[in-house]
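Student: Could you take me through one part of this model up close? I'd like to start from a single side chain and the contact it makes, then work outward to the charged pairs and the strands around them.

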Amino acid sequence: MAKVRVASVGEIPEGTLKPVLVDHTEICLAHAEDGNFYAINDVCTHENFLLSGGELFALQVECPQHGSRFNLKTGAVTGLPAVIPTKVYPVEVEGEEVYVEVGSSPPPDLPLRGGGH
């Protein structure tokens, strides 16, 4: 699992979101109010809209289309109408560079081991 540089710290002011592409995966990179960076799948699980176009509220991102909210740390749904959680990805900050690792999860459209979805 390789980490990929996605931005510099200065590119993403605290309280903002940035869309990034890592190994063909659309990621919403957030610089939250707690000063930390978080990476969450950029596509809302309710409908196909980009979370990076939404708003950041504390440790939640809100989808711009219907207002679904997701926890940046866990991917859990914190606001309807979405009911399916989303993926989160490890983030590392080294100096002034921000890295995301996406290789730890299988692609979402493939069945997991054991035949389940």
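**Starting from H31**

Tutor: H31 belongs to strand β3, which covers residues 25–31. Keep in mind as we go that this is a predicted model. Is H31 buried or exposed? H31 has a relative accessibility of 9%, and the cut-off for buried is under 20%, so H31 counts as buried. What does its side chain reach? The partner is the backbone oxygen of I12, and the distance is 2.6 Å.

Now for the charged pairs. Side chains of opposite charge can pair when their charged atoms come close. How many salt bridges does the model have? The count is 6. One of them joins the side chains of E94 and K3, with 2.1 Å from N to O. Because E94 is part of strand β10 (residues 91–94) and K3 is part of strand β1 (residues 3–8), this pair ties together parts that are 91 residues apart in sequence. As for cover, E94 is partly exposed at 37% relative accessibility, and K3 is partly exposed with a relative accessible area of 35%.

Strand β1 turns up again in the next pair. The side chains of R5 and E97 form a salt bridge at 2.3 Å, N to O. Here R5 is the residue in β1 while E97 sits in strand β11 (residues 97–101), so the bridge links parts that are 92 residues apart in sequence. R5 has a relative accessible area of 42%, which makes it partly exposed, and E97 is partly exposed at 25%.

Another pair to look at is R69 with E62, whose side chains meet in a salt bridge at 3.0 Å, N to O. Which side of the cut-off does each partner fall on? R69, at 22% relative accessibility, is partly exposed, whereas E62, at 18%, is buried. The line between those two labels is drawn at 20%. Shared partners also matter in this model: salt bridges join R5, E11, K18 and E97 into one network.

The R69–E62 pair leads us on to a sheet. Strands of a sheet pair through backbone hydrogen bonds, either parallel or antiparallel. In this model, an open sheet has 4 strands in the order β5-β6-β7-β8, with antiparallel pairing. Its edge strands are β5 (55–57) and β8, each of which pairs on one side only. From one strand to the next, the twist averages 30°. Within that order, β6 (residues 60–62) and β7 (residues 69–71) pair in the antiparallel sense over 3 bridges. Where is E62 relative to R69? E62 stands opposite R69 in β7, and their side chains are the ones that meet in the 3.0 Å salt bridge.

Last stop: the loop that follows the edge strand β8. V83 is found in the loop between β8 (77–79) and β9 (88–89). With a relative accessibility of 65%, V83 counts as exposed, since the cut-off for that label is over 50%. V83 joins L80 and I84 in a nonpolar patch on the surface, and together they have about 340 Å² of accessible area. Set that beside our starting point: H31 is buried at 9%, while V83 is exposed at 65%.

Technical notes:
Residues numbered from 1 in each chain as written. Predicted model: local features only at pLDDT ≥ 70, side-chain atom pairs only at ≥ 80, totals over all residues. Heavy atoms only, no water. Salt bridge = Lys/Arg side-chain N within 4 Å of Asp/Glu carboxyl O. Helix = DSSP H or I, 4+ residues; strand = E, 2+ residues; numbered from the N terminus. Buried < 20%, exposed > 50% of the residue type's maximum accessible area, 1.4 Å probe, protein only. Patch = residues over 30% accessible without salt bridge, like charges linked within 9 Å, V, L, I, M, F, W, Y side chains within 5 Å. Areas by Shrake-Rupley, 256 points an atom, 1.4 Å probe, with all protein chains shown as cover. Pairing = 2+ DSSP bridges. Axes fitted to C-alpha atoms, helices over the stretch in contact; angles between N-to-C directions. Polar contact = N/O pair within 3.5 Å; in protein donor to acceptor, adjacent residues only side chain to side chain.
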